[in-house]
Amino acid sequence: MFLLYEYDIFWTFLIISSFIPILAFLISGILAPISKGPEKLSSYESGIEPIGDAWLQFRIRYYMFALIFVVFDVETVFLYPWAMSFDVLGVSVFIEAFIFVLILIVGSVYAWRKGALEWS
């Protein structure tokens, strides 16, 4: 039977954790100084006044390079549990890990041949 009073601590925590950000925004809105002027409305980047348009078009190679890095980096993290329990799991898991690494190598070679790893 679902009894609501068993979850008193959960509901109390949920209500308090909901009010803390709201309270923080209210306090900062009240205490923060309000000053609007040309200095406040200008764009600021690393202490240098920006020159030119803010809209820059990046080449797709930067995104492809980052995406391939993330994919292969995250996928190789999955090898760590296999490596830690290799002696317990046996040969079948070793074969699965070998196939997994082989797929990663094939994907890496494919990306390399397509030129996705070329930075320039």
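Visitor: What follows helix α6, and what makes its phi notable?
Guide: Helix α6, a helix being a DSSP run of H or I of at least four residues, numbered from the N terminus, is followed by G115, whose phi is positive, near 85 degrees. This is a predicted model, in which local features need pLDDT of at least 70 and side-chain atom pairs count only at pLDDT 80 or more, while totals for chains, interfaces and linings use all residues. Residues are numbered from 1 along each chain as its sequence is written, and side-chain values use heavy atoms, with hydrogens and water left out.

Visitor: How do you know that the span of α6 agrees with its number of residues?
Guide: The expected span is 1.5 Å times one less than the number of residues; for the 23 residues of α6 (residues 91-113) this gives 33 Å, and the end C-alpha atoms are 33 Å apart, so the two agree.

Visitor: Which residues of α6 are called buried, and why?
Guide: They are V93, A97, F100, L104 and A111, called buried because each has under 20% relative accessible area (1.4 Å probe, protein chains only). What covers them includes α3 (60-77), α4 (79-84) and α5 (86-89), judged by contact, meaning heavy atoms within 4.5 Å.

Visitor: What does UniProt list as "transmembrane region"?
Guide: The unreviewed UniProt entry lists residues 12-34, 62-83 and 89-112, in the numbering used here, although such annotations may be inferred rather than shown by experiment. In the model, residues 89-112 are 96% helix and 0% strand, with end C-alpha atoms 33 Å apart, whereas residues 12-34 are 87% helix and 0% strand, with theirs 35 Å apart.

Terms used: Helix = DSSP H or I, 4+ residues; strand = E, 2+ residues; numbered from the N terminus. Buried < 20%, exposed > 50% of the residue type's maximum accessible area, 1.4 Å probe, protein only.
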